[in-house]
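This briefing covers charged pairs, the surroundings of a ligand, and a few points of backbone geometry. Please keep the structure open while reading.

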Amino acid sequence: MCGIFAISGDSPKAGASVLKGLKKLEYRGYDSWGVCVRESKDGTVFIDKEIGKISTVRRNFPDGCEAIGHSRWATHGGVTKANAHPHQVGKVTLVHNGIFENYITHKKTLKTYKFLSETDTEVIAAMIDNFLHQGSTPDQAIRKAATQIEGRFAILVMVEGISGIYAARRGSPLIVGRGSNQTFVASDIPAFLEQTNVVNYLDDNEMVYVCGKNAQFSDLRTGDPVQKRNIEVPWKIEEAEKGEWSHFMIKEIFEQKETIARVLKQEDEKLLQAMKLLQESNGAYFIACGTAHKAAMAAEYFFADISGRKINVVPASEMPSFERFVNPKTAIIAVSQSGETADVLEILERSKKKGAKIIGLTNVLSSSIARMAHVHLSINAGPEKAVASTKAATAQMALLFLLAFTDVNKINIGRQILWATASSINDMLNPRYESWIRSVAERIVDHPNLFIIGRKSLYPMALESAIKIQEVSYIHAQGFAAGELKHGPIALIEKGTPCIVLGDDQETVSNATELKSRGAKIIGVSATKQDVFDEWLRVPDCNGAQAIASIIPVQILAYHLALLKGLDPDMPRNLAKSVTVK
Ligand code: M6R
């Protein structure tokens, strides 16, 4: 949540470059924005901030070779100009991603400061400024303040009269980009990918001071120097850009033509390492949130069917009730696109301390979960920028499907099934298919309610379908286990209520018939057409991997429902791509 970005270099257009880079991080938060430039003429700082999305902003900034900026998803304090970052207190100007949990306690002690915002961030700026007044150097002041912060943070700090930019993190991501004449620090790589793909990953409790092309890393607690390796990230700029596509969401949906096949590149050795942890365990949990949780729920069925293993699936936010069962024999499989989701991270941190073994499946390689895991598996879907998770979800399911086959020493059979699935999804995804789904969207868009049912691994896909439709089209959508309908939800059905039916097995078709008898309009998503369907979205028969193919037409439907309602599917209200707060 929140994108932060800094540049220190030799170009006097740092302000414009920070604005441009921040636009590429907008998916992280988009309710307000701000940029601060250290002016070349006299070293003073110039701050420009506003409420609203950064994507449409055009600005001229004064010349300056150093700038920091922020695109916000509000946590503390409403969406106002005063609460937008950067925050300037005394000599300190600062942007922050994260949550300073004990800020009120510190705010009360800083009696000589007059706070202009309701944010926790302004308190960090005041703490640093206060330490400067007491005689600390900037890096000492930042260290002292950072050690008093409870919670997660990534901060970028400019100090009046001192060239260079300081950055520090604990719990929220920060990546340093190494250009030939300038250095970048950002929450995510797309901010600077146009300039460089050479990066240093900042770890928790580390700090960096960047000035021009130099970067000095140190331990945030002790100040001891830290050596960093330059890493070349394999991302291409096109992967992180919309290009010809009107939105990231539809681009990423169509990228599933390749991303599922890409999962097959996973090395056997890595899969076997992960399986070893699972097989040596005595009790295993999938921990995830939102869409990743639904992918994990589908995997619960994959493991049950393929390898006869029962794995508990718990949304990370509900895991505290079960943590007393976590011990050194527990295996936890954390599934997360971003690898930064706070609810998941907290469970992992505590479980690891208890000796549990962590298997992390993430898309972002440098993420906290990736680094915390005993075994990390990459879902390798490439940057996912739309808030609605699409290609990451199917890649997660594909990888978990392969893992279930690994459990019974049948990786190759898993690969063959996935290969066939990937190739039929490649055939399925074409402009004609999309326009057919758009026409279905046109016929249902005016209904305020929509229901989705599915059985077995298509039940979690019914839940996931609901998330997709809710988050981008704001239509009230709810998913149910097909067999549960008659135990209550069927009372919601009225004449014309659209109901998406995932699957064509006999029992689900009977449930569809029950819905239709009560007036529902049935939209079938299946390999075969059934008489009960009023509309049919064909998907290939995927031999056990049906969940992967079946969610894709619903992703397209959700996208077009959003467009038909005049909404921006890439930036739904109230949401942000990676939820780094609890
Ligand atoms: O980055 P993660 O996979 O951990 O994110 C988890 C959820 O926040 C995420 O899947 C969310 O539900 C999506 N926006 C839904 O499309």
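Strands, such as those on either side of the loop that holds Pro86, are DSSP runs of E with at least two residues, numbered from the N terminus. The model is predicted. A search of the whole structure gives 33 salt bridges, and a ligand is surrounded by 15 residues.

**Backbone geometry**

- Pro86 sits in the loop between β4 (66-72) and β5 (87-89). The peptide bond that leads from His85 into Pro86 is cis, and its omega is near 0 degrees.
- Asn543 is not a glycine, yet its phi is positive, at about 50 degrees. This residue belongs to the loop between β24 (535-538) and α17 (546-564). Asn543 counts as exposed because its relative accessibility is 54%, and the cut-off for exposed is over 50%.
- Asn574 also has a positive phi, near 65 degrees, in a residue other than glycine. Its place is in the segment after α17. With a relative accessible area of 63%, Asn574 is exposed.

**Salt bridge between Arg152 and Glu349**

- Side chains of opposite charge can pair when their charged atoms come close.
- Arg152 and Glu349 form a salt bridge in which the closest N and O atoms are 3.4 Å apart. Arg152 is in strand β7 (residues 151-159) and Glu349 is in helix α10 (residues 342-353), so the salt bridge ties together parts that lie 197 residues apart in sequence.
- Is Arg152 buried or exposed? Arg152 counts as buried, since its relative accessibility is 11% and the limit for buried is under 20%.
- Glu349, the partner, has a relative accessibility of 28% and counts as partly exposed.

**Salt bridge between Lys228 and Glu206**

- Lys228 meets Glu206 in a salt bridge, with 2.6 Å from N to O. The two residues are 22 residues apart, and the pair links distant parts of the chain. Lys228 is in the loop between β13 (214-219) and β14 (231-232), while Glu206 is in strand β12 (residues 206-211).
- Lys228 is partly exposed, at a relative accessible area of 22%.
- Glu206 is buried, at a relative accessible area of 10%.

**Salt bridge between Asp219 and Arg221, and a network**

- Asp219 pairs with Arg221 in a salt bridge, and the closest N and O atoms are 3.4 Å apart. Asp219 is buried, with a relative accessible area of 17%, whereas Arg221 counts as exposed at 52% relative accessibility.
- Which residues are joined into one network by salt bridges that share partners? They are Lys20, Lys24, Glu194 and Glu241.

**Ligand surroundings**

- Of the 15 residues that surround the ligand, the closest are Ser336, Gln337, Ser338, Thr341 and Glu471.
- Ser336 has an N or O atom in its side chain that is 2.6 Å from an oxygen atom of the ligand.
- Thr341 places a polar side-chain atom 2.5 Å from an oxygen atom of the ligand.
- Thr291 makes its approach through the backbone: a polar backbone atom of this residue is 3.1 Å from an oxygen atom of the ligand.
- How much of the ligand does the protein bury? The ligand exposes 410 Å² when taken alone, and the protein buries 90% of that.
- The shell around the ligand consists, by class, of six nonpolar, seven polar and two charged residues.
- Helices α9 (290-306) and α15 (458-473) each contribute at least two residues to this shell.
- Domain 2 (242-427) and domain 3 (430-575) each provide at least three residues of the shell around the ligand.

**Cys499**

- Cys499 is in strand β22 (residues 498-502). This residue is buried, with a relative accessible area of 1%.
- Cys499 and Lys516 are 8.9 Å apart in space, C-alpha to C-alpha, and 17 residues apart in sequence.

Key:
Residues numbered from 1 in each chain as written. Predicted model: local features only at pLDDT ≥ 70, side-chain atom pairs only at ≥ 80, totals over all residues. Heavy atoms only, no water. Salt bridge = Lys/Arg side-chain N within 4 Å of Asp/Glu carboxyl O. Helix = DSSP H or I, 4+ residues; strand = E, 2+ residues; numbered from the N terminus. Buried < 20%, exposed > 50% of the residue type's maximum accessible area, 1.4 Å probe, protein only. Near = heavy atom within 4 Å. Polar contact = N/O pair within 3.5 Å; in protein donor to acceptor, adjacent residues only side chain to side chain. Areas by Shrake-Rupley, 256 points an atom, 1.4 Å probe, with all protein chains shown as cover. Nonpolar A, V, L, I, M, F, W, Y, C, P; charged D, E, K, R; others polar. Domains from an automatic or database assignment.
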